[in-house]
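Visitor: I'm new to reading structures, so could you choose one part of this model and take a close look at it with me? I'd also like to hear how that part fits in with the rest.

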Amino acid sequence: MNKKYGISSGILLLALLFAGMLIGCSSGGSKAAKDETATVIPKDNTAVYEDIKQAEKIFNALPSPLESAMLIKSAGAKFDNALLNPVGNVSKYVTNKSMALNLGIYTCDLSFASMYEQTQLIIDCMSSAKKMADGLGILKAIEQSKIDELEENINNSEKIMEIVSETFMNSNSYLADNGQPAIAAMVLVGGWIEGLYISTQLVDMKDFNGNKLVGRIIDQKLSIDILFNLLNSSKGNPAVDELLVQIQQLKVVFDKIKITTSAIRPEVDKNTNTTILKSEVKTDMTPEVFKELSTVVEEIRSSFIK
Amino acid sequence: MRINRIIPILALFIVAATVNVDAQCKAFAKKVCLPELGPYVHDGNYHAAVLVEGEEAELYKTFYSDMEYRVAICGEDKLPNVEFKVLDANKNVLYSNKDANFAKTWDFKLQSSQQLKLIVKVSSFNAPGDTPASGCVSIMFGFKMKK
C-alpha cells in the first residue's frame, strides 16, 4: 500500500513539474524569481492574475555581431584583415568559455568581412564559427549546407547577410532554449568586445576630433549596464565571474566619458511612417581616455583569443 | 523496480517536451515574426518567451543614431492582443502600439544614440474563471543596410 502511494506521488510530482515547466519556460531572457515558482493557475483567483502581471521576463540585448559590424562600416571605417582573429587559432579553443567567446568573435569577424565583401574571409570565418558551435554542441546552428550556400552566393551581399543573421540566431536560440544562458551571454560578450576592439584599432588619432567612429565607441557606454545585467543573470558561474571582473575594468574607463542627452521628442514622418526620435547629445572623451579604453579593450580581447 | 523505470522515462519525456515548447517558439519566431521585418536585415538576436495572458516582458537595448530600425513584436494567434511600449531612460513613453491598433511593427530612427526600454504585455481577456491563455511572444529587430 505504502509502495503504491509512493509510486503515485512520484508520478504526480513529475506531472506537476512537467506542467510547471510548460507554463514557466523561458527563452533568451532572465526571469524574476517570483515567476519561477508559477506552475498551475487556479480559476477565479485574482491574486494569481496580479502575480502574473508583476512577473517579469527581462531581456538584456547587446548589439549583435552583425549590428556591431554595421556600425563600424557606417562610420566610414576601412577594412583591415590584420585585426581579425586568425582562423588558425581555432584549435586553441577547447573549453566552453573559450569556444563561446570565440563563437561571438568569429561571428563578428564574419559580419565585418561580409560588410566589406571579403569573399574568402567570409568562408573562413564561417568555418571557424562552425567549429566553435560544433564544439559547444550547438546542433544544426551552422550546417555544412549553409557554408555551401554561402559559397554559391558569395557575390550576393543580401543573401550573405541573411545567412549570417540566420546562423547567429540558430546559435543563440539553441542556447536559450536549452537552458544555457551563461554560454549564450558569453557568445554575445565575445562579439561585442570584438566589435569594440576592431573599432578602437581603426581610429586614426590624427583625425580624432569629430571622428564618427569615435562617436560609435562612445555610444558603447550606453550598453555597459546591459552587459552587466546580462552577465549578472549567470553570476556564480566561474567563467562568467571572471568576465565580470574584466568588464568592471572596462566600466571604470567608460565612467570617465560624459554623455548628456536632451529630452527625446518623437516626430512622425508621415511619408515614410517612420518615427524620428529627436534629441541633442553632448559627449566628452579626451584622447587620453580613448587610449586608456583602447588598451583595456585590447587586453580583454587578447585574453579571449589566446 | 517499476518505479525505477517509470521515473527516468517520465523525466526524459518532460525534458523533451520542454525543449519542444521552446523549439516551437523559435519556429514561431522564424516563420511568423521574421517576415514582419520586411526589407530590414534581422540583427540575428533571438528574444522569445512563453507569456501568459496579463504577463509582461521587458527588453533593454541601445539604439544608434543614423540607423533605421524596425521592431517586430508578434504573439501566437491564441493570445489576445500584444501591447508594446517604448520608453526612454526617464520612463517617458515614446511609442505605444495601442495608439496604432496594436500594430506588430514600428519603424524608427534616432537623432542621437539612446538606451531604450521596451515593455511587452499580453492583454487580458478579462474573463474571470477562464484559464489564462499562454503562448509564444517574439521580439525581433532589423536595421536598414547602408551602402
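## A close look at a helix pair

Guide: Let's begin with chain A as a whole: among its contacts with a separation of 6 or more, 69% join residues 24 or more positions apart. Please keep in mind that this is a predicted model. Chain A contains 13 helices and six strands, and 42% of its 306 residues count as buried.

The part I'd like to show you is a pair of helices. Two packed helices are described by the angle between their axes and by the distance between those axes. Here the partners are helix α5 (residues 96–115) of chain A and helix α8 (residues 157–177) of chain A. Their axes come within 10 Å and cross at roughly 170°. An angle over 145 degrees counts as roughly antiparallel, and therefore α5(A) and α8(A) are described as roughly antiparallel to each other.

Which residues make the contact between α5(A) and α8(A)? From α5(A) come L103(A), T107(A), L110(A), S111(A) and S114(A). From α8(A) come I160(A), M161(A), V164(A), F168(A) and S171(A). Sorted by character, the residues of this contact are six nonpolar, four polar and no charged.

Now follow one of these residues outwards. L103(A), which helps to make the helix contact, is also among the residues with the most contacts inside the largest nonpolar core. That core has 119 residues. A129(A), A185(A), M186(A), V189(A) and V137(B) are listed with L103(A) as having the most contacts inside the core. The largest share of the core, 13 residues, comes from helix α9 (residues 181–202) of chain A.

Notice that the list of core residues includes V137(B), from chain B. Leaving aside residues up to four places away in sequence, V137(B) touches A48(B), A49(B), L51(B), A57(B), G75(B), V82(B), V120(B) and V122(B). For the complex, the predictor gives an ipTM of 0.85 and a pTM of 0.83.

Back at our helix pair, look at the loop between α7 (144–152) and α8 of chain A, where you will find N153(A). Not counting residues up to four places away in sequence, N153(A) touches K159(A) and I160(A). You have met I160(A) already, as one of the α8(A) residues in the helix contact. Is N153(A) buried or exposed? With 14 C-beta neighbours inside 10 Å, N153(A) counts as partly exposed. The C-alpha atom of N153(A) is 9.9 Å from that of T119(A), though the two residues are 34 apart along the chain.

A few other spots in chain A are worth a visit. F228(A) lies in helix α11 (residues 224–232) of chain A and counts as partly exposed, with 16 C-beta neighbours inside 10 Å. The C-alpha atoms of F228(A) and I247(A) are 7.7 Å apart, with their positions 19 residues apart along the chain. K282(A) sits in strand β6 (residues 281–284) of chain A. Because 12 or fewer C-beta neighbours inside 10 Å count as exposed, K282(A), with 10, is exposed. The C-alpha atoms of K282(A) and T260(A) are separated by 5.1 Å, although these residues are 22 apart along the chain.

Two loop residues share a backbone feature. N273(A) is not a glycine, yet has a positive phi of about 55°. N273(A) belongs to the loop between β4 (265–269) and β5 (274–278) of chain A and is exposed, with 12 other C-beta atoms within 10 Å. F102(B), also not a glycine, has a positive phi of about 55° too. Its place is the loop between β6 (93–96) and β7 (105–110) of chain B, and F102(B) counts as partly exposed, with 16 C-beta neighbours inside 10 Å.

Finally, a word about confidence. Chain A averages a pLDDT of 85, and 82% of its residues score at least 70. Of the elements of chain A, helix α2 (residues 33–36) of chain A has the lowest mean pLDDT, 31, and helix α13 (residues 287–305) of chain A the highest, 98. Over residues 1–55 of chain A the pLDDT stays under 50. Chain B has a mean pLDDT of 87, with 81% of its residues at 70 or more. Its lowest confidence is in helix α1 (residues 2–33) of chain B, at a mean of 64, and its highest is in β7(B), at 98. Residues 10–19 of chain B have a pLDDT below 50.

Note on methods. Residues are numbered from 1 along each chain as its sequence is written. Chains are lettered from A and ligands numbered from 1 in the order in which they are written. This is a predicted model: local features need pLDDT of at least 70, side-chain atom pairs count only at pLDDT 80 or more; totals for chains, interfaces and linings use all residues. pLDDT is the predictor's confidence in each residue, from 0 to 100. Helices (H or I, at least four residues) and strands (E, at least two) are DSSP runs, numbered from the N terminus. Two residues are in contact if their C-beta atoms, placed from the backbone, lie within 7 Å. Axes are lines fitted to C-alpha atoms, for helices over the stretch in contact, and angles run from 0 to 180 degrees between N-to-C directions. Angles under 35 degrees count as roughly parallel, over 145 as roughly antiparallel, 65 to 115 as roughly perpendicular and the rest as oblique. Ala, Val, Leu, Ile, Met, Phe, Trp, Tyr, Cys and Pro count as nonpolar, Asp, Glu, Lys and Arg as charged, and the others, Gly among them, as polar. A nonpolar core is a set of buried Ala, Val, Leu, Ile, Met, Phe, Trp, Tyr and Cys residues joined through C-beta atoms within 7 Å. A residue is buried if 20 or more other C-beta atoms lie within 10 Å of its own, exposed if 12 or fewer, and partly exposed in between; C-beta atoms are placed from the backbone.
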